[in-house]
Amino acid sequence: MKATAAQRRQRDARIGSVVSLILLIGAWQLVTATGLVPDDVLPQFGDVAVTWWQLLVSGELVQQTASSLSRQATGFAAAVVCGVSLGIVMARHRMVDDFVGPLTSVILPIPKAALIPLVMLWFGIGDIAKTIIVFLGTILPILVSTYHGAASVDQVYLWSARSMGDNARTLLWRVVFHAALPEIMAGVRMGLIISLIVLVGAEMLAGQGGLGWMVFFTLDSGAYRVTYAAMLTIAVIGYAYDRLFLMLSQRVLHWAEQNP
Amino acid sequence: MNVAAGWLSAALWRRLRRCYSVLLMLAIWEGAARSGLVNPFLLPAASDVLANLWRMLTEGQLLYHVLQSLMRAGAGLGLALVIGIPLGLIKARSRLANSILDPILAFWFPVPKVGLIPMALLLFGLGHGSKIALVFVDALLPLVIATYQGALRIDDRLVWSARSMGDTDFKILSRVVLPGTLPQILTGFRLAVTVSLLVVFLAEMVASSSGLGHLMIYALRTLETKDVFSTLIAMSLVAFIADGLVLVLRRHLLVWYE
């Protein structure tokens with residue numbers, strides 16, 4: 001049986017990813033084992049892997065990951081709920097748009113990193129402050145893309161839903177929300193990526209546990225293997241989160257045309 | 001006369017409707033700080049923040065820090081342009097390169113690269129090097145991906161006709177492929193500029209002795225709260241102007257497009 005073109009492409013991609021992973025790890029091991037890069041700058045991959053396993057077994061890694069993820073998840077979930085609902089309402093109600101729209105365009109250019117010291121000033125360095133940083137950093141991209149999605153909903157959908165007796169509230173939920181979903185998901189993905197950036201940055205600056213703290217404070221004590229193990233964990237979490245999100249969004253958006 | 005007056009007030013009303021919320025917020029901010037409703041230490045009045053920004057600009061070293069940040073972001077961004085655009089073109093033209101680069105990019109894209117700050121510090125030290133490296137790895141991806149997607153869209157017939165008229169490969173690349181990809185490259189470039197500033201400020205906050213990020217975190221640690229707010233405004237202005245310049249550049253380069 002001959003493989004179809006799509007299957008062949010998928011197989012190529014899988015082989016490619018394995019090969020490039022082996023190449024990367026091989027290059028890492030090579031430059032460190034030969035002493036080209038000193039051990040106190042980049043430890044050997046094997047050593048980092050062993051340290052990672054020890055941290056995992058001792059529960060340290062799980063604890064820090066859990067504390068990072070709970071901050072991220074709370075702030076991010078709140079940003080999705082507020083951003084999406086505010087975006088939809090803004091797109092459908094001119095008065096809300098007139099009020100929130102200009103404020104958004106003033107706040108949007110502020111580099112998200114600048115929020116960290118500000119929130120630290122107002123809310124301290126605890127869990128609440130970090131959750132708020134994640135919330136503030138992610139709500140705008142979600143809000144803006146929801147707004148664009150909801151504002152460009154085809155009028156015909158609205159007319160037909162209304163003519164079939166939908167009232168204003170079910171119209172917003174059943175028609176506008178669903179029609180805007182592809183753009184909402186694009187904004188949520190952007191927000192997801194930003195949420196991890198600002199969270200790790202905030203943990204580095206404010207401490208109090210979490211992976212960002214782990215990465216940065218082991219640097220001071222010279223435990224570079226732990227530093228690298230924690231950095232790898234951050235990278236894997238970012239990747240896994242994005243994959244998970246793409247799977248979810250394919251499932252939710254199976255009806256929409258997929259962008260290449 | 002009446003019509004003109006009516007039109008004028010309508011135009012004025014339109015303007016006002018699109019900015020009253022910002023003015024209202026500014027007024028509330030100013031009023032809350034002036035009346036002592038909120039602690040002016042935690043929220044200095046808007047006018048004080050602006051005056052303080054002016055003072056930092058004329059008497060302080062604000063300009064020096066702005067230039068430090070801009071230099072680091074610019075160097076990293078320049079490196080990313082020089083490497084990212086050719087990488088994107090190669091990825092679009094060669095199946096082999098694509099199958100190797102694709103998984104790396106797919107993995108690298110969602111990774112929060114600020115997590116690499118310690119690695120950059122170990123490899124390149126506390127000075128410019130580590131910030132430039134961080135900006136580079138963050139700005140590279142949007143550029144590679146945008147160039148790749150743009151180059152894929154180029155009509156093969158354009159390449160064929162250029163070749164049939166005797167153009168060399170290099171000429172085809174520089175005269176046909178690159179201009180054809182420019183719109184997408186500039187879209188990627190815009191994202192890269194925003195990301196570069198975000199990363200450079202964050203890296204400066206974590207470990208640096210100069211730059212706007214350093215200025216802001218230093219102000220926080222010494223409890224000069226007015227400086228925190230003034231620096232925030234300076235950062236936003238830098239980001240806003242940079243984005244505006246990219247848009248101007250885009251309009252300039254893409255007169256033929258759109």
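pLDDT is the predictor's confidence in each residue, on a scale from 0 to 100. With that in mind, let's walk through this predicted model, starting with how far the prediction trusts itself. Chain B has a mean pLDDT of 87, and 98% of its residues reach 70 or more. Among the elements of chain B, the lowest mean pLDDT, 75, belongs to helix 1 of chain B (residues 2-17), while helix 4 of chain B has the highest, 93. For the model as a whole, the scores are ipTM 0.83 and pTM 0.87.

Now turn to chain A and trace the backbone from the N terminus. Chain A contains 10 helices and 0 strands, so to speak an α-α-α-α-α-α-α-α-α-α run of elements. Looking along the principal axes, you will find that the C-alpha atoms of chain A fill a box of roughly 75 × 65 × 30 Å. Of the 260 residues in chain A, 37% are buried. How do the contacts spread along the sequence? Counting the contacts in chain A with a separation of 6 or more, 70% are between residues 24 or more positions apart.

Next, follow chain A to the place where it meets its partner. Here 42 residues of chain A are in contact with 43 residues of chain B. Several helices of chain A each supply at least two residues to this side: helix 1 (5-33), helix 4 (94-107), helix 5 (115-123), helix 8 (168-206), helix 9 (211-221) and helix 10 (224-252). Which of them gives the largest share? That is helix 10 of chain A, with 8 residues. As for chemistry, the side of chain A that touches chain B divides into 32 nonpolar, 6 polar and 4 charged residues.

Finally, cross over to chain B and return to helix 4 of chain B, the element with the highest mean pLDDT there. Helix 4 of chain B (residues 62-93) packs with helix 9 of chain B (residues 169-206) at an angle of about 145°, and their axes are 9 Å apart. The crossing of these two helices of chain B is right-handed. To see the contact for yourself, pick out the residues on each side. Helix 4 of chain B brings B:Ser69, B:Arg72, B:Ala73, B:Gly76, B:Leu77, B:Ala80, B:Ile85 and B:Leu89. Facing them from helix 9 of chain B are B:Val177, B:Ile185, B:Ala192, B:Val193, B:Ser196, B:Leu197, B:Val200, B:Phe201 and B:Glu204. Sorted by type, the residues of this contact comprise 12 nonpolar, 3 polar and 2 charged.

Terms used:
Residues numbered from 1 in each chain as written. Chains lettered and ligands numbered in written order. Predicted model: local features only at pLDDT ≥ 70, side-chain atom pairs only at ≥ 80, totals over all residues. Axes fitted to C-alpha atoms, helices over the stretch in contact; angles between N-to-C directions. Helix = DSSP H or I, 4+ residues; strand = E, 2+ residues; numbered from the N terminus. Left-handed = near helix turned anticlockwise from the far one by under 90°. Contact = placed C-beta atoms within 7 Å. Nonpolar A, V, L, I, M, F, W, Y, C, P; charged D, E, K, R; others polar. Buried ≥ 20, exposed ≤ 12 C-beta atoms within 10 Å, placed from the backbone.
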